Amino acid sequence: MERGIEKFVDYIRPGDFVLFFFAGHGIQWEDQNYLVPCDDDRIRNWTDLRYRAVNAQRALELMSAKDPFVIVYLLDCCRTYWLPSLARSRNMETSSRGMAPMSATGGSLIAFACAPGKTAADAASNGRNGLFTYHLLQHIMKPDQSVYVSDTSNHRVMKWRKDATEGIVVAGGNGQGENLNQLSSPHGVIVDDLGQIYVADCWNDRVMRWCEGKKEGEIIVGGNGEGNQSNQLNRPHGLSFDDEGNLYVADFSNHRIQKYEIIL
């Protein structure tokens, strides 16, 4: 697998948009994450892990060294994993639960199947993928085949169409601020079936909804100052919809998930 990743890195050219996806076993050891193929039976102890598995941080840094425009780094491997030689004991000293936090290089976005140190659900309704990949595929396979990226430090959301050499600004892009045409360190972004763009406007403690082509968005959640009341948020990060169209907001600094019924 390491040779495959090195070959992939060789293809990267300056300014490329890089998408890396891995689904398999993942294990953390000494604060480092290692990627392990599901069919690799050679890794049986900690020493094997260092020399035979792929260090996830190193792989990201190899890609970053090729100076791409952006790297989207997706890891669906947050599981409890025991090394075969230690499987009988199965205690906290010999097992790995989830993945450790990683440092994103400049211009990169890292997405795990779940929070650091936690495990992700394996089963999805299609019987083929984990829950993370199941929902990821639903968005990757949208008809227009576009990718939306929260460009946090530029306070904007970019849309990249398939085969495009440049992205377009679909939200924010007017400097950091709290006006309706501005964002402040946006994090999560999600698009509904109508093409409306929802943005977790982190430092403004609100969720904004934008229609592509409009100069301003609208506040649909929060916007009432930082706080922990039911109409407030404190550094919102992730966004998700359920099958009924309800919006879920990861209210990061309040350590909670908020559910909202959205009026379209």
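**Exercise 1. The hairpin**

Find the hairpin formed by strand 12 and strand 13 in this predicted model, and work out which turn residue has a positive phi.

*Solution.* Start with the two strands: strand 12 covers residues 186-191 and strand 13 covers residues 197-201. They run antiparallel, and four bridges join them. For one concrete pairing, take Ile190, whose bridge partner in strand 13 is Tyr198. Now look at the link: five residues sit between the strands of this hairpin. In that turn, Gly195 has a positive phi of about 85°.

**Exercise 2. Positive phi outside glycine**

Take Ser185 and Arg235, and decide for each whether the residue is buried or exposed.

*Solution.* Ser185 goes first: its phi is near 55°, positive even though the residue is not glycine. Ser185 lies in the loop between strand 11 and strand 12. Its relative accessible area is 12%, so Ser185 is buried, the cut-off being under 20%.

Next comes Arg235, also not a glycine, with a positive phi of about 65°. Arg235 belongs to the loop between strand 15 (218-222) and strand 16 (236-241). At 15% relative accessibility, Arg235 counts as buried.

**Exercise 3. Glu178 and Asn33**

For Glu178, then for Asn33, work out the setting, the accessibility and the contacts beyond four places in sequence.

*Solution.* Glu178 is found in the loop between strand 11 (168-172) and strand 12. With a relative accessible area of 61%, Glu178 is exposed, because the bar is over 50%. Skip the neighbours within four places, and Glu178 is in contact with Asn204 and Arg206. As for Asn204, it is 26 residues away from Glu178 in sequence, yet the C-alpha atoms are 6.3 Å apart.

Asn33 lies in strand 3 (residues 32-36). Its relative accessibility is 3%, so Asn33 counts as buried. Its contacts beyond four places include Ile27, Gln28, Val54, Asn55 and Ala56, along with Met99, Ala100, Pro101, Met102 and Phe112. Gln57 is 24 residues from Asn33 along the chain, with 7.0 Å between their C-alpha atoms.

**Exercise 4. The nonpolar cores**

Map the largest nonpolar core: which residues touch the most other members, and which element gives the most to it?

*Solution.* Begin with the membership: the largest nonpolar core has 20 residues. Those touching the most other members are Ile5, Phe20, Leu35, Met63, Tyr73, Leu75 and Met102. Then sort by element: helix 1 (2-11), strand 1 (17-23), helix 3 (56-64), strand 5 (70-76) and strand 8 (108-112) each supply at least two residues. Helix 3 gives the most, with four residues.

Zoom in on Leu75. Beyond four places in sequence, Leu75 touches Phe20, Phe22, Leu35, Ala56, Met99, Met102, Ala111, Phe112, Ala113 and Phe132. There is also a second, separate core of eleven residues, with Tyr198, Val207, Val221 and Leu233 among them. You've met Tyr198 already, as the bridge partner of Ile190.

**Exercise 5. The cavity**

Say how many cavities of 30 Å³ or more there are, then describe the lining of the largest cavity by class.

*Solution.* The count comes to one cavity of 30 Å³ or more, and the largest cavity has a volume of about 30 Å³. Its lining is made up of Glu2, Ile5, Glu6, Val54, Arg58, Ala59 and Leu62. By class, that's four nonpolar, no polar and three charged residues. Helix 1 and helix 3 each supply at least two residues of this lining.

Key: Residues are numbered from 1 along each chain as its sequence is written. This is a predicted model: local features need pLDDT of at least 70, side-chain atom pairs count only at pLDDT 80 or more; totals for chains, interfaces and linings use all residues. Side-chain values use heavy atoms; hydrogens and water are left out. A nonpolar core is a set of buried Ala, Val, Leu, Ile, Met, Phe, Trp, Tyr and Cys residues joined through side-chain atoms within 4.5 Å. Buried means under 20% relative accessible area, exposed over 50%, partly exposed in between (1.4 Å probe, protein chains only). Contact means heavy atoms within 4.5 Å. Two strands pair if DSSP finds at least two bridges between them. On a 1 Å grid over the protein atoms alone, a cavity is a set of points where a 1.4 Å probe fits but cannot get out, and a pocket is an open set with protein on both sides within 12 Å along at least five of seven lines; lining residues have an atom within 4 Å of a point. Grid points are joined across faces, edges and corners, and a volume is the space filled by probe spheres set on the points. Ala, Val, Leu, Ile, Met, Phe, Trp, Tyr, Cys and Pro count as nonpolar, Asp, Glu, Lys and Arg as charged, and the others, Gly among them, as polar.
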